[in-house]
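Grab a viewer and work through a few short exercises on the model below. Each one comes with a solution you can follow step by step.

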Amino acid sequence: MSDLTPPVAARKPKERSHHGDVFVDDYEWLRDKTNEEVLDYLRAENDYTAARTEHLKSLREAIFSEISERTLQTDLSVPARRGGYWYYTRTIEGKQYAISCRVKVEGDEPPITEGDIPGEELLLDGNQVAGDSEFFALGTVDVSPDGTLLAYSVDLTGDERFTLRIKDLSTGELLPDELTNIHYGSAWSADGSTLFYTKTDDAWRPHQVWRHALGASEDVLVLEEPDERFWVGVDLTRNEQAIMVSLGSKLTSEVWLLDAHNPAGELTVVAPRREGVEYDVEHAGDQLLITHNADAPNFSLATAPLDDPGTWTTLLEADEESRLLGSDAFAEHVMVYRRRNALTELAVMRRTGDGFTDPEALVFDEPIYSVSPGRNDEWSDTRYRFGYTSLVTPSSTYDVEVSSGERRLLKQQPVLGGVDLGSYTQYREWATAPDGTRVPISMVARKDITPDGNAPVLLYGYGSYESSLDPWFSIPRLSLLDRGVVFAIAHVRGGGELGRHWYDDGKMLTKRNTFTDFIACAEHLVKSGWSKPSRIVAQGGSAGGLLMGAVANLAPQAVGGIVAEVPFVDALTTILDPSLPLTVIEWEEWGNPLENPEVYEYMKSYSPYENVSAQDYPPILAITSLNDTRVFYVEPAKWVARLRAVKTGDAEVLLKTEMEAGHGGRSGRYDAWHELSFTLSWILDTLDLAD
């Protein structure tokens, strides 16, 4: 291993003063990525990290080979029906990006095959569109209702600003229409003459909906949202009857509808926004279905007449034991999606002459699993597509016949290389938080790994935005499991695993519960005999990176290493600056420290950057991306610089910056595997399993 000394960031003190508190920030100057001194520093950090991990090169190569050999690289997604076509994507060995295809419908069954499909049409080859770009992402891939046109948008830098083009699928030619600097998503009018899209303001907030008539030189602004807390989105309903414009903050919703057959018509509001009321709309043909929390925190399902959409009649009452997430409406049935006992659930409600049957849940055998809606584009479909996975079951795609409940497994993610999936098992444990709350932990390991007090563990966490870490299968994770590592998910408060209260109890002025829950999970793994602190590595990304930084400060002795990916570790600085992307909308998640001294003091008490102290920290690996627009690279860069300057002990802190990527890291699948291999090899090395 190299004896290089780590880079030292220059100290350039800058005062930040709020509510009578003055904080001196030595490293805020690192924010300017146009400054060559900043770029030189990031490159020096990359060089240092490369040198300090050079000894892991063979392990990285071995893990990359394992991922490659276990993954079916030339593969086909399960075709989904829309109109007269089956739509699907292909991946081809050696190619970074997927290829979108379709084939005309013949019969009722999707063409599931590993070989060629006669009559296949290529819609979009991501590899051709990406060209030589280091980064490539799609913001929309949207076929017009009549199947003749394809709208697609591309980001080649990672900054989530897209350029949209329209392809004539009968000729393969691009139309002259080109829309620049737009956001994710799009929606066609019913006749395919008009395309709706969104644009962002300077803070990267989608705040406008625009209407583009094909061939027009100027577009029309349809809606603009002035409230900086609200984002806008646009979509075409499944039955192609309405363009739906959704506006939402973290706490409040408003939905507008436009007749899809009259794209130049007027928008109609479903229900004017009421502070704290969230609702989603599903167009059910003769009525609307509204999932809302107007009368209960765990959400109810209501119906509303098309001509009086603000009048809601309860169809499914709220349940204290489950959190209703939404519904999918079809001609003959409705599927509701909800969460119960830290697991997801799908339940069917069949149409009757005057309403719907009670929900009938799909039942599964495994004690821990995730079930989720699949791609269901056909309004008249009598089958429902859903996905299923667990920590030991690869991602699986099913159709269920709604009338009979009969299921058919269409495809399960192949796992090659002679892997015996029966050699792994999963567990559910419960930790006890300092306030007595029971916190679920999902775990997977080889069957021969037992709680001997010395098992190596990777403990993963997130805990924000009501996002749940539902159990999922991962081929790259097998490289850890096969080397004896136990993978565990800490389902901490701030997520949504146990309902809306689980979220409410881990945000705003209760945010510290997220961190103490995670620490309790790490301590439980020790108390229950699984491991010891030096054999536990903690990992989290984005808001989960904030969790990692807070845990590092609060309980550095609880774990033996930390991986923080695109980490939100300079949270207070960001949330204090409304000119930064995403800040204002985040005030409903974290509080507004600009206006509220209590919020300021509370956030300052846990924000990782401000709370770095002269104590021993475990080894830390921070990974970020230069073009990330959600968590700026400057946050982990400042954090690492401060850690190096302040901490005691000899544990190493490394920073790795992807210079051509955004929030999700490298975009190509092989590039992503290399990035994963780097992280996994560092984790194994930290757990003394690199040999």
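**Exercise 1: Two tyrosines**

Tyr602 has a relative accessible area of 17%, so it counts as buried. Keep in mind throughout that this is a predicted model.

Task: work out how the rings of Tyr602 and Tyr606 are arranged.

Solution:
- Start with the sequence positions: both tyrosines belong to helix H10 (residues 597-606) and sit four residues apart, which puts about one helical turn between them.
- Next, check the cover on the partner: Tyr606 has a relative accessible area of 2%, so Tyr606 is buried.
- Now recall what you need for the geometry: a pair of aromatic rings is described by the distance of the centres and the angle of the planes.
- The ring centres of Tyr602 and Tyr606 are 5.6 Å apart and the planes make 80 degrees, so this pair is edge-to-face. The cut-off used here is over 60 degrees.

**Exercise 2: A pair across two strands**

Task: find out whether the rings of Phe386 and Tyr398 are stacked or edge-to-face, and where the two residues sit.

Solution:
- The structure holds 21 aromatic pairs, and one of them is formed by Phe386 and Tyr398.
- Its centres are 5.3 Å apart, with 5 degrees between the planes, and the pair is stacked. Stacked needs planes under 30 degrees apart.
- Phe386 lies in strand E29 (residues 383-389) and Tyr398 in strand E30 (residues 396-401), so the pair links distant parts of the chain, 12 residues apart.
- Phe386 has 1% relative accessibility, so it counts as buried.
- Zoom out a little: Phe386 and Tyr398 belong to one aromatic cluster that also takes in Phe364, Tyr369 and Tyr388.

**Exercise 3: The whole fold**

Task: decide how the radius of gyration of the protein compares with the globule rule for 691 residues.

Solution:
- Count the elements before anything else: the protein has 12 helices and 39 strands.
- The radius of gyration is 25 Å, close to the 26 Å that the globule rule gives for 691 residues, so the protein is as compact as a globular protein of that length.
- For the outer dimensions, the C-alpha atoms fill a box of roughly 70 × 60 × 55 Å along the principal axes.
- Burial comes next: 58% of the 691 residues count as buried.
- Then look at contacts: among those with a separation of 6 or more, 58% are between residues 24 or more positions apart.
- Finish with the charges: the mean positions of the 63 positive and 112 negative ones are 4 Å apart.

Key: Residues numbered from 1 in each chain as written. Predicted model: local features only at pLDDT ≥ 70, side-chain atom pairs only at ≥ 80, totals over all residues. Heavy atoms only, no water. Rg over C-alpha atoms; globule rule 2.2 N^0.38 Å. Buried < 20%, exposed > 50% of the residue type's maximum accessible area, 1.4 Å probe, protein only. Contact = heavy atoms within 4.5 Å. Lys, Arg positive; Asp, Glu negative; His and termini not counted. Charge placed at Lys NZ, Arg CZ, Asp CG, Glu CD. Phe/Tyr/Trp six-rings, centres within 6.5 Å; stacked < 30°, edge-to-face > 60°.
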